[in-house]
Amino acid sequence: MKQLRATDLKSTYGEKVLLDQVSFLIETGDRVGIVGVNGTGKTTLLNAIAGTNPAEGGSVEGPNDYSIGYLEQEPALNGEMKVMEAIFAGAQPIFQLIRDYEEALNDYAENPNDEKILNRYTRLEARMNQEEAWTAESEVKSILTQLHLPDLNLSVAALSGGQRKRVGLAQVLIQAPDLLLLDEPTNHLDFDSIAWLEKYLADYKGAVMTVTHDRYFLDRVTNRIFELSFGKLYIYQGNYERYVTAKAERVEAEKTAEHKSAQLYQKELAWMKTGAKARSTKQKARENNFRELAAQQGTRQEDGEISVNLGQARLGKKVINIIDANLTFDDRIILKDFNQLIQGNERIGITGANGTGKSTLLNAIAGNQQLDSGQIEIGETVKMAYYTQVTEPIPDDKRVIAYLSEVAEEVTDRDGNKISAAELLEQFLFPPFMHGTLIRQLSGGEKRRLYLLKLLIQQPNVLLLDEPTNDLDIATLTILEEYLASFNGTVITVSHDRYFLDKVANQLLVFEGQGVIERANGRFTDYLSQASEVKHDNKQSKAQAKPAEPVSKKKKLTWAEQKEWETIEDDIAALEAKQAPIEAAMIENGADFAKLSELQAQLEQLNADLEAKMERWEVLSEIVES
């Protein structure tokens with residue numbers, strides 16, 4: 001079992017301490033979910049482990065052969081390359097091995113009598129067999145198909161941000177490292193792709209660490225939770241559901257301990273005030289204990305709760321009416337004779353495959369996208385707020401409090417109380433020391449949280465939310481869900497987050513592409529379950545209705561495969577010739593256990609190489625004979 005040990009990691013960002021002497025151990029089979037409020041250092045921790053941005057202090061140590069694969073939020077890919085080229089251009093060992101082998105094969109084809117070149121080619125070929133690198137290309141294609149990116153001839157530059165993320169995910173999965181680091185892996189994935197990834201990670205042989213807002217994903221994948229809070233790391237055993245319970249128990253225990261400490265402090269303070277004459281000269285230790293106790297008062301920190309208790313404008317009966325809407329965008333049919341009456345206090349979830357036009361519909365409702373035909377009627381009392389996927393431009397040199405105060409210096413909550421901008425910031429987990437912070441010093445998640453607050457203090461009665469879970473932390477999402485539950489207005493949200501949709505939507509518009517939109521009522525996970533059953537039944541019906549079509553075969557060998565085919569039978573014969581001498585040596589050394597073990601290991605490796613070579617021969621022979 002391989003282990004990775006992090007010891008006393010320390011990182012800061014401006015006035016914030018992100019990692020404060022953080023230590024932990026990762027072992028093979030661990031499935032770790034990293035949670036915490038935006039800006040607490042989750043990505044910083046992944047960067048420190050991966051070595052892309054090492055911590056300022058501490059160490060990360062593992063075996064010399066320990067490998068780490070890192071899916072960053074924005075994978076670094078060469079835009080000029082095609083999808084497969086970009087994947088195999090990665091710096092990971094398996095991709096380097098494939099490139100080295102192809103280079104050696106070319107050199108050998110040009111100089112077959114050069115012994116040095118032959119030895120290099122033979123050595124690399126053995127490594128290709130040992131690491132099963134022959135199947136890398138087919139595995140990449142399989143992964144990309146599961147992630148709904150089958151067009152391998154696209155250039156990286158032509159891909160959307162979500163498609164680039166999927167290419168990066170395929171690149172990191174194919175290398176099968178000892179530790180997978182995944183930063184928001186479910187962002188931009190369709191539901192069947194997420195389900196496939198959950199199963200893939202459940203069967204993964206190494207360790208996994210992931211930062212994600214997807215609570216169902218955390219529940220189904222993780223067996224440990226790391227929580228970052230004010231620089232400290234809290235470790236919990238079990239999945240996300242178990243973490244929620246365990247954290248509540250920890251916080252309650254800390255509050256109890258703090259209360260007892262405060263009571264003891266008051267008693268000791270009274271004793272100290274009795275004066276020096278009333279105290280024995282032998283009480284120096286007690287005086288020292290008092291000073292330590294005094295230093296501890298009020299030092300406990302915990303992530304607060306986002307309290308959203310804002311008032312809102314009155315909403316009339318007429319809200320939104322979409323009539324005979326038709327819309328084509330980028331040669332794709334988004335809406336086709338679409339009609340939808342949206343009334344007060346409705347909760348509509350919009351979901352479906354990427355690229356089917358979900359966000360485009362929100363843009364049309366918000367007036368940012370014109371219909372080709374039809375109309376969208378907006379009620380006179382509607383006061384709309386639109387939380388878009390991209391935060392509005394914010395001057396980097398503007399301070400947090402100034403950004404919020406531009407909308408309102410104070411607002412009225414549902415109970416009629418006045419709340420200042422500073423108080424609102426504290427409720428949204430921006431402590432006082434951050435109110436004067438420049439916007440450029442905030443993390444991406446903190447900017448999104450601030451953007452959401454700015455929209456809510458405008459006191460809208462219709463909320464349009466476009467993928468709100470992509471950048472908000474779980475704590476913010478939880479309180480947003482509670483706010484929406486008591487929101488006396490209409491909510492229309494586009495999301496791929498199953499948990500969030502289950503919490504906030506009771507009506508569904510499922511975009512299937514080319515203007516086909518299915519309507520459903522109830523929880524989204526119930527809809528997915530029913531759709532899965534229908535899909536399964538249809539597959540069985542088709543299988544019984546007609547025989548399976550023959551799998552299309554590759555018609556021609558590539559140049560490299562032709563060279564490989566020319567020598568593969570000789571390679572097999574050479575491997576077979578090595579078996580007999582090893583077996584004879586095992587008989588001769590039957591009493592020498594150490595030597596026998598060494599020979600047995602050699603024979604097992606030889607048999608594995610031979611089996612891989614035979615399988616490769618079968619693949620190539622099918623192409624030759626087709």
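Here is a short chat about a helix pair and a cavity in a predicted model.

Trainee: What makes helix 3 and helix 4 a packed pair?

Mentor: Helix 3 (residues 93-110) and helix 4 (residues 115-130) have axes 9 Å apart, at an angle of about 145°. Contact means heavy atoms within 4.5 Å, and Leu 97, Ile 98 and Tyr 101 are among the helix 3 residues that meet a helix 4 set including Ile 117, Leu 118 and Tyr 121.

Trainee: Which hand does the crossing of helix 3 and helix 4 have?

Mentor: Helix 3 passes helix 4 in a left-handed crossing.

Trainee: How many residues of that contact are nonpolar, polar or charged?

Mentor: There are 11 nonpolar and six charged residues, with no polar ones. Tyr counts as nonpolar here, so Tyr 101 and Tyr 121 go in that group.

Trainee: Now the empty space. How many cavities of 30 Å³ or more are there?

Mentor: Three turn up in a search of the whole structure. The largest has a volume of about 70 Å³, so it passes that 30 Å³ cut-off.

Trainee: Why is it called a cavity and not a pocket?

Mentor: Because a 1.4 Å probe fits inside but cannot get out, whereas a pocket is open.

Trainee: What lines the largest cavity?

Mentor: Its lining includes His 188, His 213, Asp 214, Glu 467, His 496 and Asp 497. By class, that lining has seven polar, three charged and one nonpolar. His counts as polar, so His 188 belongs with the seven.

Trainee: Which domains supply the lining?

Mentor: Domain 1 (1-67 + 177-238) and domain 4 (318-533) each give at least three residues.

Definitions and conventions. Residues are numbered from 1 along each chain as its sequence is written. This is a predicted model: local features need pLDDT of at least 70, side-chain atom pairs count only at pLDDT 80 or more; totals for chains, interfaces and linings use all residues. Side-chain values use heavy atoms; hydrogens and water are left out. Axes are lines fitted to C-alpha atoms, for helices over the stretch in contact, and angles run from 0 to 180 degrees between N-to-C directions. Helices (H or I, at least four residues) and strands (E, at least two) are DSSP runs, numbered from the N terminus. A crossing is left-handed if the near helix is turned anticlockwise from the far one by less than a right angle, and right-handed if clockwise. On a 1 Å grid over the protein atoms alone, a cavity is a set of points where a 1.4 Å probe fits but cannot get out, and a pocket is an open set with protein on both sides within 12 Å along at least five of seven lines; lining residues have an atom within 4 Å of a point. Grid points are joined across faces, edges and corners, and a volume is the space filled by probe spheres set on the points. Domain bounds come from an automatic or database domain assignment.
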